[in-house]
Amino acid sequence: MNTMIWVAIAIVAVLVIIAIVAFVLRNSTQAKQRREQEQREQRRVQAADLRENAREGHVEAHRAEAEATTAQADAEQAQLEADRLAAQAETLEAEASSTRTAADDQLRQADELDPDGPVGPDHETQRAQDRGMGDPRHARRDTPPPA
């Protein structure tokens, strides 16, 4: 009987050890599952934050694209205005040149018609001074400057 008691004690001890090992393994598995669940939840939160940041980035990109489009349109409008003003300046320069040529022709014609008109190299100097009358760089030196 003595052996039977020891066998029974050994069997009970093995069963207790198996129960303890099973309990520890089950708790370990549950703890591992909880950690994995927490990690999944943290990744979900991180993914949601990344998605929100991406949405904000897209909104900012659309805003920047709209500003770029507006700036480009403004630049094109300014270029068109500059081109128009350059063409207008060319036209006005051509008109001024044409008017100056006509005035010079009229002076020559007047000089040819006037029997007492100026003759010689001083005549060309006087004509150049007449053309630049409003320009102080071409003003006659023997007359006082305008007040």
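Valine 14 sits in helix H1, which covers residues 2–113. Helices here are DSSP runs of H or I with at least four residues, strands are runs of E with at least two, and both are numbered from the N terminus. The protein as a whole has 2 helices and 0 strands.

Before going further, a word on what you're looking at. This is a predicted model, where local features need pLDDT of at least 70, side-chain atom pairs count only at pLDDT 80 or more, and totals for chains, interfaces and linings use all residues. Residues are numbered from 1 along each chain as its sequence is written, and side-chain values use heavy atoms, with hydrogens and water left out.

Back to valine 14: is it buried or exposed? Neither, quite: its relative accessible area is 47%, so it counts as partly exposed. (Buried means under 20% relative accessible area, exposed means over 50%, and partly exposed is in between, using a 1.4 Å probe and protein chains only.) Across the 147 residues of the protein, 3% count as buried.

Valine 14 also has company. Together with Val7, Ile11, Leu15 and Ile18, Val14 makes a nonpolar patch on the surface, with about 450 Å² of accessible area. Patches take residues with over 30% relative accessible area and no salt bridge, joining like charges within 9 Å and nonpolar side chains (Val, Leu, Ile, Met, Phe, Trp, Tyr) within 5 Å. The protein exposes about 12,900 Å², and carbon and sulfur atoms supply 60% of that. These areas come from the Shrake-Rupley method with a 1.4 Å probe; for residues, only the protein chains shown count as cover.

Now for the charged side chains. A salt bridge is a side-chain nitrogen of Lys or Arg within 4 Å of a carboxyl oxygen of Asp or Glu, and by this rule the count comes to 6. Here are some of them:

| Acid | Base | N to O distance |
|---|---|---|
| Glutamate 52 | Arginine 55 | 3.1 Å |
| Glutamate 60 | Arginine 63 | 2.2 Å |
| Glutamate 81 | Arginine 84 | 2.6 Å |

How far apart are arginine 55 and glutamate 52 in helix H1? They are 3 residues apart, so about one helical turn separates them. Arginine 55 is partly exposed at 48% relative accessibility, and glutamate 52 is partly exposed at 36%.

Glutamate 60 and arginine 63 are also in helix H1, 3 residues apart, about one turn of the helix. Glutamate 60 has a relative accessible area of 40% and is partly exposed, while arginine 63 is partly exposed at 36%.

Glutamate 81 and arginine 84 are 3 residues apart in helix H1, so about one helical turn lies between them. Glutamate 81 is partly exposed at 33%, and arginine 84 is partly exposed at 44%. Elsewhere, Glu60, Arg63 and Glu67 are joined into one network by salt bridges that share partners.

Finally, how confident is the predictor? The mean pLDDT (the predictor's confidence in each residue, from 0 to 100) is 86 for the protein, and 79% of its residues reach 70 or more. Over residues 134–141, though, the pLDDT is below 50. Beyond near neighbours in sequence, the stretch 134–141 has 4 contacts in the model, a contact being heavy atoms within 4.5 Å. Where pLDDT is low, the predicted coordinates should not be read in detail.
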